[in-house]
Amino acid sequence: MLKIAILGSGGWGLALACTCANLGHDVTVWSAFKDELDSIRRTGELRAKLPGVYIPKAVHLTEDISCASGKDIVLVGIPSKFVRSVCMQAQPYVDKDTIVVSTSKGLEDGTLKRMSEILAEAFPKNTIAVLTGPSHAEEVGRGIPTAVVVASENIEAAKLIQNTFSDNVLRLYLNSDVIGCEIGGAVKNVIALCCGVIDGVGLGDNTRAALMTRGLSEITRLGVAMGGKPDTFRGLAGLGDLIVTCTSLHSRNFRAGKLIGQGYTPEKAVQMVGTVEGYACAAAALKLAKKYNVSMPITEEINKILYEGMSPETAINGLMHRPYGFE
């Protein structure tokens, strides 16, 4: 039995808490939002984020971040814009032998850093790992088989996480390409926004398939330029995550994009949906593309929609009239 602290009471964190508790581990979930924890205490579930999924009574709930002390694994499962601040709060309590795992899929605004880089700055003595891949919390929580990736430069630590979290519902594969896994997990949200937009304006499967395929090319070009491995983007952390995020209404990025395609402003769409990682990531990804001299035309066009007021129809027309070339 391992001692595990999960920072964040979002759907994915709670789904993992259920998995680990059912496997017999000692699990504590921390949240800054007392109302969310009280809702779980009162009803046994968090209907706003993981409706219909019962949280085992064995899962400890707390608003005290010192719960990160004395743990074998601390999992950071919060929106990317809050990762640094929460890690700094937890920093005094995390033991140096604790493995710190990121499940956040995004890039830090301003610094353009990946989540594992932020964790490494906050916990310089700790082993850092990334858990990512095609994983709707709503399905994992309901016991639907799911396969994801755990990536770390320390493969022994990754194996420990693999053995800790894997069961008959969740299957973990090992990967040493942290950069590729994180870029795949972050930038696929941008392409999912685009797929939502084209669904919202009433276009079809052909258009979505084109966006997903060419979007994967953009993600791969950027990831490889940053040091990722090409094979990573053909696997669960790349293609797999892209498919699930671009084709499902579970995806907040897809739902926000659909609202934009239907005529809502990007700001209103994000407000209606909640956390939409692709919104901020689109701007960050474009800055990285310019930094690494990588061509990302789809990412350029969604930025014009999100931040310059361009209509989806104009952006699509711009993509269709780009100079012709080889695939």
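**Two nonpolar cores and a mixed eight-stranded sheet**

The largest nonpolar core comprises 43 residues, and within it the residues with the most contacts are Ile183, Val187, Leu222 and Ile302. The structure is a predicted model, and what follows is to be read as a description of that model. Two or more residues are given to this core by each of the helices α7 (178-200), α8 (205-225), α9 (236-246), α10 (252-261), α11 (266-273), α12 (277-291) and α13 (297-307), and of these elements α7 gives the most, with 11 residues. Once neighbours within four places in sequence are left aside, Val187 is in contact with Ile219, Leu222, Cys281, Ala285 and Met296. A second core, separate from the one just described, holds 36 residues, among them Leu16, Val29, Val59 and Ala157. In soluble globular proteins, nonpolar side chains tend to be buried together.

Among the helices that give residues to the largest core, α10 is mostly covered, seven of its 10 residues being buried. The buried residues of α10 are Asn253, Phe254, Ala256, Gly257, Leu259, Ile260 and Gly261. Ile260, which is found in α10, counts as buried because its relative accessibility is 6%, a value under the 20% limit used for that class. Apart from neighbours within four places in sequence, Ile260 is in contact with Val197, Thr265, Pro266, Ala269, Ile305, Leu306 and Pro312. The C-alpha atoms of Ile260 and Asn303 are separated by 13 Å, the two residues being 43 residues apart along the chain. Just after α10, Gly263 adopts a positive phi of about 115°.

The strands form an open sheet of eight, in the order β3-β2-β1-β4-β5-β6-β7-β8 and with mixed pairing. Its edge strands are β3 (60-62) and β8 (170-175), each of which pairs on one side only, and the twist from one strand to the next averages 25°. Strands of a sheet pair through backbone hydrogen bonds, either parallel or antiparallel. At one edge, β2 (residues 26-30) pairs with β3 in the parallel sense over three bridges, and Thr28 stands opposite His60 in β3. Helix α1 (residues 11-22) lies across β1 (3-7), β2, β4 (73-76), β6 (127-132) and β8, and runs at about 165° to β2.

Strand β4 is paired with both β1 and β5. With β1 the pairing is parallel over four bridges, and Ile4 stands opposite Ile73 in β4. With β5 (residues 99-102) the pairing is likewise parallel, over four bridges, and Val76 stands opposite Ser102 in β5. From β4 the chain crosses through helix α3 (residues 80-90) to β5, in a β-α-β crossover that is right-handed. In a regular strand the side chains alternate between the two faces of the sheet. Both faces of β4 are covered, since Ile73 and Leu75 on one side and Val74 and Val76 on the other are all buried, with relative accessible areas under 20%.

Farther along the sheet order, β6 and β7 pair in the antiparallel sense over three bridges, with Val149 in β7 as the bridge partner of Thr132. Strand β7 (residues 146-151) has five of its six residues buried, and is therefore largely enclosed by the rest of the structure. The pairing of β7 with β8 is parallel, over six bridges, and places Ala151 opposite Asn175 in β8. Together with helix α6 (residues 155-165), these two strands make a right-handed β-α-β unit.

The cysteines were also examined for bonding between their sulfur atoms. A disulfide is a covalent bond between the sulfur atoms of two cysteines. With a limit of 2.5 Å between cysteine sulfur atoms, the count comes to zero disulfides. Cys18 is in no disulfide, the nearest cysteine sulfur, that of Cys20, being 9.6 Å away; Cys18 is nonetheless buried, with a relative accessible area of 7%. For Cys246, the closest cysteine sulfur is that of Cys195, at 3.8 Å, which is too far for a bond because a disulfide requires sulfur atoms within 2.5 Å. Cys246 is likewise buried, and its relative accessible area is 0%.

How values were computed:
Residues are numbered from 1 along each chain as its sequence is written. This is a predicted model: local features need pLDDT of at least 70, side-chain atom pairs count only at pLDDT 80 or more; totals for chains, interfaces and linings use all residues. Side-chain values use heavy atoms; hydrogens and water are left out. Two strands pair if DSSP finds at least two bridges between them. Axes are lines fitted to C-alpha atoms, for helices over the stretch in contact, and angles run from 0 to 180 degrees between N-to-C directions. Contact means heavy atoms within 4.5 Å. A nonpolar core is a set of buried Ala, Val, Leu, Ile, Met, Phe, Trp, Tyr and Cys residues joined through side-chain atoms within 4.5 Å. Buried means under 20% relative accessible area, exposed over 50%, partly exposed in between (1.4 Å probe, protein chains only). A crossover is right-handed if, with the strands pointing away from the viewer, the path from the first strand over the helix to the second runs clockwise.
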